[in-house]
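Biologist: I would like to go through this model with you slowly, one question at a time, so that a first-year student could follow each step.

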Amino acid sequence: MRQEKIYRAELTACFGDPVDENPTGVIEEAGFAALGLNYRYLTVRVGKQCLEDAVKGARAMNFRGFNLTIPHKVAVIPMLDELTEAAGLIGAVNTVFSQDGKLIGENTDGKGFLTSLRENGIDPSGKTVTLLGAGGAARAVSIELALAGAGRINIVNRSETRGAELASSVSEKTEATAAYIPWTRQLRIPEETDILVQCTNIGLFPDVTGKPDLDYDSLRPGMVAADVVFNRPNTPFLQEAARRGLKTVTGLGMLVNQAALNFSLWTGMDAPVDVMTEALAKEFGLDP
Ligand code: NDP
């Protein structure tokens, strides 16, 4: 007798604009295939004005969940039923998952970053962190570092309003002490820094030669330098840091680990992280 077969696929997606060069689909689809899951991940261009329709569509089509990227991470919040605690503190959502008919907003960017640090043997608890940038990635990373016990967080940003706002938000919402440091020319990194995190767009494709304006001689070998930029992972910032003997962490680990967290939220299963890392490395022509 013919066995019943399920032809219906479970749907996941990324909504953004621009989104054409977002590689998350490669990582998620490799994970689905490795576990034999009939899931799809669609990379979909959704303009600013169309987000509400896209979210209604995802509800109507029973999506398991979706990612949000530029410019939707904050705008999506009123369209959701609930937020996780971290997404509420961060004030931005990069992942939505469906649970008991509700769309729940989470933010896995900072958690992906933390996992990547820990995979590199770095525990942020009690550490002093200096963070370059105060945009969406910096918000997620600083809040998660604070929740993970970082003692002090220095926020360095070009625009004062954004930098000062993030520093006071981290101080108010978490146990960490945060302070804004204006980004003066050839900025010296505070000596007491244990972890220096590059959270701006500098070094992002296509301007891959871009390098933050720092006094690189203020970097000490005892510090760790991490970058969130992933599409040319060995950024000029990391190259300068490595040249001075710092341990370095690229943005690839953050990307894979946020994808792995999304995978688990959507499927309820542990993500095959090795397979997903290998797929990304192959895509970027790197050694896994
Ligand atoms: P936003 O646009 O929200 O923020 C950009 C930040 O970069 C702001 O703080 C901005 O400063 C600063 N900046 C941009 N250009 C310069 C410059 N020339 N000099 C000094 N500061 C500058 O972007 P996101 O936070 O969403 O993204 C930042 C980076 O994080 C991107 O490269 C993105 O690819 C990466 N990312 C990586 C992820 C991963 O998984 N590895 C996940 C998410 C993001 P100002 O406020 O003054 O404008």
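Biologist: Leaving aside its neighbours within four places in sequence, which residues is A58 in contact with?

Modeller: This is a predicted model, and in it A58 lies in helix α2, which covers residues 51-60. Once the neighbours within four places in sequence are set aside, the residues in contact with A58 are F15, F63 and F66.

Biologist: Is A58 buried or exposed?

Modeller: The relative accessible area of A58 is 2%, and a residue counts as buried when that value is under 20%. A58, in helix α2, is therefore buried.

Biologist: How far apart in space are A58 and A13, C-alpha to C-alpha?

Modeller: Along the sequence, A58 and A13 are 45 residues apart. In space, going from C-alpha to C-alpha, the distance between A58 and A13 is 9.0 Å.

Biologist: Which helix gives the most residues to the largest nonpolar core?

Modeller: The largest nonpolar core has 35 residues, and those with the most contacts inside it are F113, L131, L145, I153 and V197. The helix that gives the most to this core, with six residues, spans residues 136-147 and is α5.

Biologist: And how many residues are in the other core, which lies apart from that one?

Modeller: That other core lies apart from the largest one and includes L37, F97, I104 and V256. Its number of residues is 19.

Biologist: Why are α1 and α8 described as oblique to each other?

Modeller: The axes of helix α1 (residues 24-34) and helix α8 (residues 252-267) come within 10 Å and cross at roughly 50°. Angles under 35 degrees count as roughly parallel and those from 65 to 115 as roughly perpendicular. Since the crossing angle of roughly 50° fits neither of these classes, α1 and α8 are therefore oblique.

Biologist: How many nonpolar, polar and charged residues are in the contact of α1 with α8?

Modeller: From α1 the contact takes T24, I27, E28, G31 and F32, and from α8 it takes L255, Q258, A259, N262, F263, W266 and T267. Sorted by class, the residues in this contact are six nonpolar, five polar and one charged.

Biologist: Which strands do the buried residues of α7 pack against?

Modeller: Helix α7 covers residues 236-243, and its buried residues are P236, F237, L238, E240 and A241. The strands that these buried residues pack against are β7 (128-132), β10 (195-198), β11 (224-227) and β12 (247-249).

Biologist: In which loop does P18 have its place?

Modeller: The peptide bond that leads from D17 to P18 is cis, and its omega is near 10°. Following the chain, the place of P18 is in the loop between β1 (10-16) and α1.

Biologist: What is the omega of the cis peptide bond that joins I70 and P71?

Modeller: P71 lies in the loop between β3 (65-68) and β4 (82-83). The bond that joins I70 and P71 is cis, with an omega of about 0°.

Biologist: Is D100 buried or exposed?

Modeller: D100 lies in the loop between β5 (95-99) and β6 (102-106), and although D100 is not a glycine, its phi is positive, at about 50°. A residue counts as exposed when its relative accessible area is over 50%. The relative accessible area of D100 is 77%, and D100 is therefore exposed.

How values were computed
Residues numbered from 1 in each chain as written. Predicted model: local features only at pLDDT ≥ 70, side-chain atom pairs only at ≥ 80, totals over all residues. Heavy atoms only, no water. Core = buried A, V, L, I, M, F, W, Y, C linked by side-chain atoms within 4.5 Å. Buried < 20%, exposed > 50% of the residue type's maximum accessible area, 1.4 Å probe, protein only. Helix = DSSP H or I, 4+ residues; strand = E, 2+ residues; numbered from the N terminus. Axes fitted to C-alpha atoms, helices over the stretch in contact; angles between N-to-C directions. Parallel < 35°, antiparallel > 145°, perpendicular 65-115°, else oblique. Contact = heavy atoms within 4.5 Å. Nonpolar A, V, L, I, M, F, W, Y, C, P; charged D, E, K, R; others polar.
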